[in-house]
Amino acid sequence: MDFARILTERYALSDEGTGLLMHSATLTRHARKEVIIEEGQRDADVCFVAEGSVRTYVMREDKCVILSFAFEGDPTSSTLGAWPGGISGHTIETMEPTTLVRLPREEIDRLFAADAELADWGRRMAEEQLRRHEEYFADFAWRDKSEQYKRVLREYPQLLQRIALKDLAAYLFVTPQSLSRIRAEIK
């Protein structure tokens with residue numbers, strides 16, 4: 001889908017607001033399993049998936065902890081996704097061949113300061129990111145991983161066709177064997 005159309009249809013931006021964002025946008029194409037940004041690197045752009053998918057993760061104690069997935073139209077990093085100084089707090093990697101729309105953070109900040117509609121869009125996007133992160137971390141308190149699995153499938157219905165089951169297990173914070181058991185129980 002055309003990213004300008006995603007901005008108008010999914011994010012309800014006016015043609016003028018969409019035009020302002022697209023004026024600053026660049027497209028980059030990436031191969032499967034390509035790291036876009038590593039945890040600790042300077043993150044100069046806010047990226048959106050135009051086509052393909054990415055995963056956002058951190059490595060802790062030699063384990064991959066997947067924080068989120070992003071598909072067409074989703075931001076790959078939150079406007080809140082960089083620590084002070086523009087340093088990324090996580091690694092972003094493609095899961096399949098992916099085209100990203102890149103918007104320089106400095107330009108986004110300038111547009112937010114100059115345009116109320118874009119500032120509101122940025123606020124809504126940040127709130128959505130915060131809501132998803134809150135849900136993700138609240139899931140750790142859940143004892144019933146099958147309910148967590150069902151919620152993830154409701155939120156990302158295309159997930160099983162597009163990502164490896166080991167990535168889904170890492171996102172749910174279970175072993176691949178436990179995920180197999182959960183999937184067998186639900187069928």
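**Two cores, two sheets and a helix crossing**

Hi everyone, let's start with one residue: setting aside residues up to four places away in sequence, Leu 172 touches Lys 145, Gln 148, Tyr 149, Val 152 and Leu 179. Please keep in mind throughout that this is a predicted model.

Some bookkeeping for the whole chain. We have eight helices and nine strands, and 47% of the 187 residues count as buried. If you take contacts between residues at least 6 apart in sequence, 71% of them join residues at least 24 apart.

Now back to Leu 172, and to the core around it. Which residues have the most contacts inside the largest nonpolar core? They are Phe 69, Leu 159, Leu 168 and Leu 172, in a core of 18 residues. Strand E5 (63-70) and the helices H5 (145-155), H7 (165-172) and H8 (176-186) each give two or more residues to this core. H7 supplies the largest share, with five residues. There is also a second, separate core, of 16 residues, and among its members are Phe 3, Leu 13, Val 101 and Leu 111. As background, nonpolar side chains tend to be buried together in soluble globular proteins.

Let's look at how H7 meets H5. The two helices pack at an angle of about 120 degrees, and their axes are 11 Å apart. Their crossing is right-handed. On the H5 side you'll find Lys 145, Gln 148, Tyr 149, Arg 151 and Val 152, and they meet Leu 168, Tyr 171 and Leu 172 on the H7 side. How many residues of each class are in that contact? Five are nonpolar, one is polar and two are charged.

At the far end of H7, in the loop between H7 and H8, sits Phe 173. Phe 173 isn't a glycine, yet its phi is positive, about 65 degrees. With a relative accessibility of 46%, Phe 173 counts as partly exposed, because that value falls between the 20% and 50% cut-offs.

On to the sheets. Four strands make an open, antiparallel sheet in the order E2-E8-E4-E5. E2 and E5 are the edge strands, each pairing on one side only. On average, neighbouring strands here are turned by 35 degrees against each other, direction ignored. Inside this sheet, E4 pairs with strand E8 (residues 91-94) over four bridges, in the antiparallel sense, and Tyr 57 has Thr 91 in E8 as its bridge partner. Our friend H7 comes back here: H7 packs on the sheet, touching E4 and E5, and its direction makes about 100 degrees with that of E5.

In the loop between E4 and E5 there's another residue to flag, Glu 61. Its phi is near 50 degrees, again a positive value without a glycine. Buried or exposed? Glu 61 is exposed, because its relative accessibility of 76% is over the 50% cut-off.

The other sheet is open too, with three strands in the order E1-E9-E3 and antiparallel pairing. Strand E1 (26-30) and E3 are at its edges with a single partner strand each, so one side of each has no neighbour in the sheet. The twist averages 30 degrees from one strand to the next. E3 and strand E9 (residues 98-104) are joined by six bridges, and Asp 45 stands opposite Pro 104 in E9. Helix H3 (residues 105-114) lies across E3 and E9, running at about 55 degrees to E9.

Let me finish with the two loops flanking E3. Before it, in the loop between strand E2 (35-37) and E3, is Ala 44. The C-alpha atoms of Ala 44 and Arg 105 are separated by 5.7 Å, although these residues are 61 apart along the chain. Not counting residues up to four places away in sequence, Ala 44 touches Leu 103, Pro 104 and Arg 105.

After it, in the loop between strand E3 (45-51) and strand E4 (54-60), is Ser 53. Why does Ser 53 count as buried? Because its relative accessible area is 0%, and the cut-off is under 20%. Beyond its neighbours within four places in sequence, Ser 53 is in contact with Ala 70, Phe 71, Thr 94, Met 95, Glu 96, Thr 98 and Arg 162.

Thanks, and I'm happy to take questions!

Key
Residues numbered from 1 in each chain as written. Predicted model: local features only at pLDDT ≥ 70, side-chain atom pairs only at ≥ 80, totals over all residues. Heavy atoms only, no water. Core = buried A, V, L, I, M, F, W, Y, C linked by side-chain atoms within 4.5 Å. Buried < 20%, exposed > 50% of the residue type's maximum accessible area, 1.4 Å probe, protein only. Contact = heavy atoms within 4.5 Å. Axes fitted to C-alpha atoms, helices over the stretch in contact; angles between N-to-C directions. Left-handed = near helix turned anticlockwise from the far one by under 90°. Nonpolar A, V, L, I, M, F, W, Y, C, P; charged D, E, K, R; others polar. Pairing = 2+ DSSP bridges.
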